[in-house]
Each structure stands twice: as C-alpha cells, then as structure tokens.
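Hi,

Here is the structure I promised to pass on. Have a look at it first, and then read on for what turned up in it.

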Amino acid sequence: MIEKPEIKSMNLTELTEFVVGLGEKPFRAKQIYQWMHQKLVESIDEMTNLSIGFRETLKQECVYTVLKQADAQTSALDGTKKYLFLLEDGNVVESVLMRYKYGNSVCISSQAGCRMGCKFCASAIGGLKRNLLPSEMLEQVYRIQKETGERVSNVVVMGTGEPLDNYDNLLRFLTLISDERGLNIGQRNLTVSTCGIAPNIHKLAEEKLQITLALSLHASSQAKRKELMPIAAEYDIYEVIGACQSYFEQTGRRITFEYSLAAGVNDTQEDANDLAELISGMNCHVNLIPMNPVRERDYTATDQASANAFRQKLEQKGITVTVRRELGRDIDAACGQLRRRHLGNEG
Ligand code: SAH
C-alpha cells in the first residue's frame, strides 16, 4: 500500500512541491501552511480561501493529521490540565498544560510508550508502541492552544517517550513549531529532556539550535544510575555529562540536570556531595523533582527535610538549584499515569 503524503509534517518547501505537483500555484502552499500552523484548523474543509474543488482534491491526495481528545483532567489546586489524545491508529498519548506567571507551558509526548525502561517511570511499563510523527507532536500543542484560546508560550518535550530516540521527527517538530510562519514559539522557550543518548546529544549540538537541553540524571554515580536507568549501561554517566558539556560549548545554552529524589535511593548528603563534584564547574543548574510514586513501581518521594538538606548541600557547593513546583498533584500527574490508567481500563 502506498501511503498518502502527510502534509502537516512537511516544511513549506516540501508542501509547495506537493501543491505544484497537484497542478496548483505555489502560493496555495502558503495558504495551506497558514491554515495548518497558525489558524490550527481541524479539517481541510475549513480552508475557505481554497476552492471547494481543490479542497476535495486535497482530501483525496493527502493525510491531514488531527488529534482527538479522548480524556482530560483538570487540577482543582492549580488549574493544571492533563489531556489524553487519540491517534489515528488507536494509540493514545498524553500532554499537560501548566499555567505559570510567564505564560502557558505545554508538556508533550514524543513517542507512544517508551523503550528506555527507567525503573521509576510509568511510561516504560508497556514498552514502545511507536514513534510520533512531527505533526502528532505539533497537534498536542495546537489542540491545547485552540481549546484554551490562550497562546502557548513554552513547550517542553518531557512527556511519554525518549525524544532523542525519535530524532528526525523531533528535529522537524522543533523547526516547525519555532517557524515564524507557524506558531513561532522562540527556540529559547523550547526544552528537550533526554535520558542520555550521548551520540544524539552530540548530533543535536551540531544543529546549533537555541533550545534548552535537560538531562535526566537522577544519580551521581555510574553504579546507581545504571540501576535506575538501563540506558546508562550503554552510555555511562561520564560520557553523557561530557556530551552535555559539549552541547553547552557549541550552543552557549545552559544545561538543566533533572534529579528526581527517591527516598533511600539517591537522596543522602553523600549523594548531594557526589553530584556537586560530578557537575562542578559546568554552566548548568539542577532541577530537583519529588519522585512521583507510580502504582506499579515501588519508589517513594524523599521527605521534605531531606529534600531541603539535599538542596542546601548543592547550594553550599555553588550549584544553582530549582525545585520543581508540584503542579497538578491531585490528578495523575506523573509521567504516563493518565495513559496507563486508560490502557488499564482497556484490560
Ligand atoms: N525520556 C525523557 C523525557 C521523559 S520523562 C527523559 O528521560 O528525560 C521526563 C522527566 O520525568 C525525566 O526526567 C524522567 O526521568 C522523570 N520521571 C519519570 N518518571 C518519574 C516519576 N515517577 N517521578 C519523578 N520523575 C519522573
């Protein structure tokens, strides 16, 4: 079966070629691009400056990807909203809208499921279903912006999936979402979080983008990290830290290290000391996250006192620390939990 071209993942050059191939004038591509990426329409029928005949041709000749909302939960505490979106093939992915003083931030998924196998993460449980298309990543942002009627100012690729395991589609997504002819979200307002696929961190650095790279570190020694994150067996902690250092050198962008504190696992004063040593001298900051207990996993969050002590130790050593505000604590906010619950319902 020959698959039809999927236009929402195309850049303007490709879309122009496609449109010209259908016997239309090149400027039609600009119009379609604007309908897709600025006006965020849900169907080709809504592209009202195209003739009805051409709209019919388009419906015949291409795929127009739109995500359907399958479920949503809103936090009564802070308005954080979690969305479950249905993909064309029946897979589901989740996205989260967080409202901050500086604007609305959307956390998107990059894959349906994940094959990285981190021991504390709900998304790892069912394994990888498939990579998301660039359009399916865009659509998570588009549907949320359309539904709220509020501009999305920041996007973090921190939902289900490992973005650097879906490299080409991720890159296309980043280019399209920051395109001034689209939503035009500045690259500095985009963050990609990775478990640490070192060669792809180097590759990303070469792209010379202005996006923020976040590394999920979660441990300060190779031995501990390997226990929590199987990927560390392939690219060890020093190799990954080295890749982050070179990302900074090539892009000038400060690295974020994510560190989820799990009681009795990685939260002692010694852990904090080792962490400070590991990243000392780097232009970075550490984002401490309370481990979010997942039903199928047996990790629990560090208590407040130990978390504060951990933070203080890092600060004493001259490391900048932020503590992730816990948004949406009353909804299934940990990575992949809404999706898990949904899949669980299906048996
Ligand atoms: N695959 C990417 C992005 C997805 S996860 C990555 O590994 O970075 C986004 C962040 O949440 C990662 O830092 C991940 O390690 C962390 N995380 C996953 N499950 C968690 C949980 N139960 N509690 C706290 N943090 C978790």
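Before anything else, one cut-off you'll need: a residue counts as buried when its relative accessible area is under 20%, as exposed when that value is over 50%, and as partly exposed in between. Take threonine 212 as a first case: its relative accessibility is 13%, so it counts as buried. Please also keep in mind that this is a predicted model.

**Threonine 212 and its surroundings**

You'll find threonine 212 in strand β9, which covers residues 212-216. Which residues does threonine 212 touch, leaving out those up to four places away in sequence? They are Gln187, Arg188, Leu190, Thr191, Val192, Arg253, Arg254 and Thr256. Leucine 87, on the other hand, is 125 residues from threonine 212 along the chain, and 28 Å separates their C-alpha atoms.

**The chain as a whole**

Stepping back, the chain is built with 11 helices and 12 strands. Its radius of gyration is 21 Å, close to the 20 Å that the globule rule gives for 347 residues, so the chain is as compact as a globular protein of that length. Along the principal axes, the C-alpha atoms fill a box of roughly 70 × 45 × 40 Å.

Some 54% of the 347 residues count as buried. If you look at contacts between residues at least 6 apart in sequence, 67% of them join residues at least 24 apart. The accessible surface comes to about 15400 Å², and carbon and sulfur atoms account for 47% of that.

**Charges and salt bridges**

On the charge side, there are 41 positive and 45 negative side chains, and the centres of those two sets lie 4 Å apart. Side chains of opposite charge can pair when their charged atoms come close. How many salt bridges does the structure hold? There are 16, and three of the pairs are worth pulling up on your screen.

Start with lysine 8 and glutamate 139, whose side chains meet in a salt bridge at 2.8 Å, N to O. This pair links distant parts of the chain: lysine 8 sits in the segment before α1 (12-21), while glutamate 139 belongs to helix α4 (residues 134-148), 131 residues apart. Are these two partners buried or exposed? Lysine 8 has 0% relative accessibility, so it counts as buried, and glutamate 139, also at 0%, counts as buried too.

Next come glutamate 14 and arginine 172, which form a salt bridge at 2.8 Å, N to O. Here again distant parts of the chain are linked, with glutamate 14 in helix α1 and arginine 172 in helix α5 (residues 167-177), 158 residues apart. Glutamate 14 is partly exposed, at 28% relative accessibility. Arginine 172 also has a relative accessible area of 28% and counts as partly exposed.

The third pair is arginine 115 with aspartate 165, their closest N and O atoms being 2.7 Å apart. Arginine 115 lies in the loop between β5 (111-113) and β6 (128-131), and aspartate 165 in the loop between β7 (152-157) and α5, so to speak 50 residues apart, which again links distant parts of the chain. The two ends differ in exposure: arginine 115 counts as exposed at 55% relative accessibility, whereas aspartate 165, at 16%, counts as buried. As for networks, salt bridges that share partners join Lys8, Glu42, Glu139 and Arg143 into one.

**Next to arginine 115**

Methionine 116 is in the loop between β5 and β6 as well. With 11% relative accessibility, methionine 116 counts as buried. Apart from neighbours within four places in sequence, methionine 116 is in contact with Glu162, Asp165, Cys195, Ile197, Pro230 and Ile231. Valine 66 is 50 residues from methionine 116 in sequence and 27 Å from it in space, C-alpha to C-alpha.

**Two backbone oddities**

Which phi values stand out? Leucine 40 has a positive phi of about 55 degrees although it is not a glycine. Leucine 40 is in the loop between α2 (27-37) and α3 (52-61), and its 2% relative accessibility makes it buried. Histidine 218 also has a positive phi, about 65 degrees, and is not a glycine either. Its place is the loop between β9 and α7 (222-228), where histidine 218 counts as buried at 5% relative accessibility.

That's what I have for you. Over to you!

Terms used: Residues are numbered from 1 along each chain as its sequence is written. This is a predicted model: local features need pLDDT of at least 70, side-chain atom pairs count only at pLDDT 80 or more; totals for chains, interfaces and linings use all residues. Side-chain values use heavy atoms; hydrogens and water are left out. Helices (H or I, at least four residues) and strands (E, at least two) are DSSP runs, numbered from the N terminus. The radius of gyration is taken over C-alpha atoms; the globule rule is 2.2 Å times the number of residues to the power 0.38. Buried means under 20% relative accessible area, exposed over 50%, partly exposed in between (1.4 Å probe, protein chains only). Contact means heavy atoms within 4.5 Å. Accessible areas come from the Shrake-Rupley method with a 1.4 Å probe; for residues, only the protein chains shown count as cover. Lys and Arg count as positive and Asp and Glu as negative; His and the chain ends are not counted. The place of a charge is taken as NZ of Lys, CZ of Arg, CG of Asp or CD of Glu. A salt bridge is a side-chain nitrogen of Lys or Arg within 4 Å of a carboxyl oxygen of Asp or Glu.
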